[in-house]
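Hi,

Here is the structure I promised to pass on. Could you open it and keep it in view while you read the rest of this email?

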Amino acid sequence: MSRRQEAALPRVAVIGAGSWGTTFGKILADGGAHVTMWARRPELANEIHEAKRNSEYLPGINLPRDMHATHHLSEALDGAEQIYLSIPSQALRENLKAVRPLVTGTDAPIVSLMKGVERRSGLRMSQVIEQELHCDPARIAVASGPNLALEIAREQPTAAVISSISQETADAVARRARNRYFRTFVNTDVIGTEFGGVLKNLIAVAIGIVDGVGYGENTKASIITRGLVEMSDFAVAQGAEVETLQGLAGLGDLIATCQSPLSRNNTAGRLLGQGYSFQDVVKQMNQTAEGLASVAPVLQLAREAGIQMPIVEQVKMVLDGTMDPREIAPHLTTDDDEPQGERTQNGQAGGGGALWRSLQRTLDQFRNGGRRSPRDSA
Ligand SMILES: NC(=O)c1ccc[n+]([C@@H]2O[C@H](COP(=O)([O-])OP(=O)(O)OC[C@H]3O[C@@H](n4cnc5c(N)ncnc54)[C@H](O)[C@@H]3O)[C@@H](O)[C@H]2O)c1
Ligand SMILES: O=P(O)(O)OC[C@H](O)CO
């Protein structure tokens, strides 16, 4: 491709050059964009830019020629029509402070690729972006789904959801972020799409613990199935639509993350199940396992909403060292004495389950003349 042809390509920026940021940069470049990555470390920026490699995070992967990298934020963001963010969730806010002056005055969509909540505030990443960039929420999108980076970097086909409260933004991002091996669907349920990605990490830690202990497929299938109920109850109580949790960003990602040894959350759980302490696990992980930081804020939000999450509670106890990992399996319900209904842990008597809340929301929307229910506001 000549320089003139390359200059005519739509420009996008990807902030964060770990395994997912770099893989997403490849997705975008293979989809026909001129991509500039921002890497915190100059040597990593240099390797991506010059050698078209990211040997630390994506060993053995050749990156496209149309992928560039810099460690200067201003260079990465210059002229970007869309901006993708992929840094560990706990570091997002501090990084956005540097991004803000560089994007003021532009209307480029800002896309979160992250799957965590902020530990100290319990906020989703799109909420942190809205706060720190002071931008219209209709400009923000999130991407989520069964997206293990290394598989996608090897061009194994998969699908994802692009979600924004603005259909127009979701469509624009989905059109840009797709190619022959990466298929994007759209929805407007940002809460469900983001929480799907956050919550499946917690269930994947539980599955890892079970694997580490040495339990088999029955235990894992039970936890995945009951985990989906917990995810749905929690997310719907926060304003999500239950269908989103049944889709790619919920069930789809839950399956991928719970099954794959590539998952960092699954790996962290496995180490816990083998008897390593939380501190040892953190030391051994050289990549981001978002679930470890999301457990406490998710449980706090669950308590505030009156939602019971027995599996996530058990994960927290294992992390805190207050429960033997071998005890995780019998605690799939909150009450060992009384049989529970299977459909939802929270039942109608406890204020309604996921399905009931979803129906309530539809009814609200109907009463609201077709506008989104007030329960849906971020
Ligand atoms: N890897 C995947 O398969 C995958 C897939 C989908 C979503 N995600 C999500 O993407 C997000 C990023 O994960 P990842 O897999 O790329 O993580 P990673 O550990 O592979 O990379 C994280 C990157 O962030 C950088 N970093 C660390 N601390 C930083 C700081 N304080 N400021 C700026 N940069 C910092 C690291 O140097 C590294 O380049 C997470 O929220 C994760 O859940 C990951
Ligand atoms: O490696 P994990 O556990 O962060 O999971 C990666 C992706 O979220 C899978 O979709």
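Below is what I found, starting with the annotated parts and ending with a pair of strands. One thing to keep in mind is that this is a predicted model.

**What the record says**

UniProt has an unreviewed entry with two annotations to look at. One is "domain: Glycerol-3-phosphate dehydrogenase NAD-dependent N-terminal", placed at residues 12–169. Over that stretch, the chain is 37% helix and 20% strand, and the C-alpha atoms at its two ends are 15 Å apart. The other annotation is "binding site", and it covers K115, G145, K200, D253, S263, R264 and N265.

**Two of the binding-site residues**

Let's take K200 to begin with. You'll find K200 in helix α9, which spans residues 190–213. Is K200 buried or exposed? Its relative accessible area is 5%, and buried means under 20%, so K200 counts as buried. Setting aside residues up to four places away in sequence, K200 touches K115, M231, D253, L254 and T257. Two of those names, K115 and D253, also appear in the "binding site" annotation.

Now for D253, which sits in helix α12, residues 248–259. D253 has a relative accessibility of 2%, so it is buried. Which residues does D253 contact, leaving aside its neighbours within four places in sequence? The list is K115, S144, G145, P146, N147, G197, K200 and L248. Among them, K115, G145 and K200 come up in the UniProt annotation too.

**N201, next along**

N201 is also worth a click, and its place is in helix α9. With 2% relative accessibility, N201 counts as buried. Its side chain makes a polar contact of 2.9 Å with the side chain of N265, and N265 is one of the residues that the "binding site" annotation covers. Not counting residues up to four places away in sequence, N201 touches K115, T257, N265, E290 and G291.

**A pair of strands**

Finally, have a look at strands β2 (residues 34–38) and β3. The two run parallel and are joined by four bridges. To see one of the pairings, pick T36 and find its bridge partner in β3, H68. Strand β3 covers residues 67–70, and both of its faces are covered. M67 and A69 are buried on one side, while H68 and T70 are buried on the other.

That's the tour. Shout if anything is unclear!

Cheers

Key:
Residues are numbered from 1 along each chain as its sequence is written. Chains are lettered from A and ligands numbered from 1 in the order in which they are written. This is a predicted model: local features need pLDDT of at least 70, side-chain atom pairs count only at pLDDT 80 or more; totals for chains, interfaces and linings use all residues. Side-chain values use heavy atoms; hydrogens and water are left out. UniProt positions are given in the numbering used here, feature names are shortened, and annotations may be inferred rather than shown by experiment. Buried means under 20% relative accessible area, exposed over 50%, partly exposed in between (1.4 Å probe, protein chains only). Contact means heavy atoms within 4.5 Å. Two strands pair if DSSP finds at least two bridges between them. A polar contact is a pair of N or O atoms within 3.5 Å; within protein, one must be able to donate a hydrogen and the other to accept it, and residues adjacent in sequence count only if both atoms are side-chain atoms.
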